[in-house]
Amino acid sequence: MTNAKTHTNSRGRDRSRALLLASLALLSAALAFKYRAAYGFPDGFLTERDRAEKILLASFIGVSLLFGLRTLLLARSAGQRPVASALRISLAIYFCMSVVLMAATLYVRMTLSGGGGG
């Protein structure tokens, strides 16, 4: 009896973790989308760096949305089957993709001109 109860509790924890991760990913996608809208100069001009960063930010939004939807699906199926390993794998992939996009953004910021004229 205790083993079945523990098994049910772990699935409940898996569901809670998946919902928390999905919420964080979807929130970060929403914030990035809002930040993306404010790029450029007030007259609408985008520098070379702004255009490159906008593409990278759109990529981050896409990755965050995919991860958020994936973890929502995992949370939905957590009652029927264990999802802890799938959740860990999804989180690892999301983390790696985020690090790659952050490194690309850093490279863009170091190499492209930000439009600081003189």
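Helices (H or I, at least four residues) and strands (E, at least two) are DSSP runs, numbered from the N terminus. The model is predicted: local features need pLDDT of at least 70, side-chain atom pairs count only at pLDDT 80 or more, and totals for chains, interfaces and linings use all residues. Residues are numbered from 1 along each chain as its sequence is written, and side-chain values use heavy atoms, with hydrogens and water left out.

**Exercise 1. Overall make-up**

Task: State how many helices and strands the protein has, and give their pattern.

Solution:
- Count the elements. The protein has three helices and zero strands.
- Read along the sequence. The pattern is α-α-α.
- Add burial (buried means under 20% relative accessible area, exposed over 50%, partly exposed in between; 1.4 Å probe, protein chains only). Of the 118 residues in the protein, 28% are buried.
- Turn to contacts (heavy atoms within 4.5 Å). Among contacts between residues at least 6 apart in sequence, 77% join residues at least 24 apart.

**Exercise 2. Packing of α2 and α3**

Task: Determine how the axes of α2 and α3 are oriented to each other.

Solution:
- Start from the general description. Two packed helices are described by the angle between their axes and the distance between the axes.
- Fix the convention. Axes are lines fitted to C-alpha atoms, for helices over the stretch in contact, and angles run from 0 to 180 degrees between N-to-C directions.
- Take the values. The axes of α2 (residues 48–77) and α3 (residues 84–111) come within 10 Å and cross at roughly 175 degrees.
- Classify. Angles under 35 degrees count as roughly parallel, over 145 as roughly antiparallel, 65 to 115 as roughly perpendicular and the rest as oblique. The two helices are therefore roughly antiparallel to each other.
- List some of the residues in contact. Among them are Leu 56, Phe 60, Val 63 and Phe 67 of α2, and Leu 87, Leu 91, Tyr 94 and Leu 101 of α3.
- Sort by type. Ala, Val, Leu, Ile, Met, Phe, Trp, Tyr, Cys and Pro count as nonpolar, Asp, Glu, Lys and Arg as charged, and the others, Gly among them, as polar. The contact of α2 with α3 holds 14 nonpolar, six polar and four charged residues.

**Exercise 3. Length and burial of α3**

Task: Check the span of α3 against the expected value, then name its buried residues.

Solution:
- Set the rule. The expected span is 1.5 Å times one less than the number of residues.
- Apply it. The 28 residues of α3 should span 40 Å; the end C-alpha atoms are 41 Å apart, which agrees.
- Name the buried set. It consists of Ala 86, Leu 87, Ser 90, Tyr 94, Ser 98, Leu 101 and Val 108.

**Exercise 4. The aromatic pair**

Task: Find the aromatic pair and give its geometry.

Solution:
- Apply the criterion. Rings of Phe, Tyr and Trp (its six-membered ring) pair if their centres lie within 6.5 Å; planes under 30 degrees apart count as stacked, over 60 as edge-to-face and the rest as tilted.
- Count. The structure holds one such pair.
- Classify. The ring centres of Phe 67 and Tyr 94 are 4.4 Å apart and the planes stand at 10 degrees, so the pair is stacked.
- Place the partners. Phe 67 lies in α2 and Tyr 94 in α3, so the pair ties together parts that are 27 residues apart in sequence.
- Check burial. Phe 67 is buried at 6% relative accessible area. Tyr 94 is buried at 13%.

**Exercise 5. Two buried residues**

Task: Describe the surroundings of Thr 71 and Ala 29.

Solution:
- Thr 71 is in α2. At 0% relative accessibility, Thr 71 is buried.
- Leave aside neighbours within four places in sequence. Thr 71 is then in contact with Ala 18, Leu 21, Ala 22 and Leu 87.
- Ala 29 lies in α1 (residues 2–37). Its relative accessibility is 4%, which counts as buried.
- Not counting residues up to four places away in sequence, Ala 29 touches Ile 61, Ser 64 and Leu 65.
- The C-alpha atoms of Ala 29 and Leu 66 are separated by 9.9 Å, with the two positions 37 residues apart along the chain.

**Exercise 6. Three partly exposed residues**

Task: Place Ser 10, Arg 51 and Ser 113, and give a C-alpha distance for each.

Solution:
- Ser 10 is in α1 and is partly exposed at 23%. Its C-alpha atom is 9.4 Å from that of Ala 78, 68 residues apart along the chain.
- Arg 51 is in α2 and is partly exposed at 44%. Its C-alpha atom is 8.7 Å from that of Tyr 39, twelve residues apart along the chain.
- Ser 113 is in the segment after α3 and is partly exposed at 49%. Ser 113 and Glu 48 are 6.7 Å apart, C-alpha to C-alpha, and 65 residues apart in sequence.
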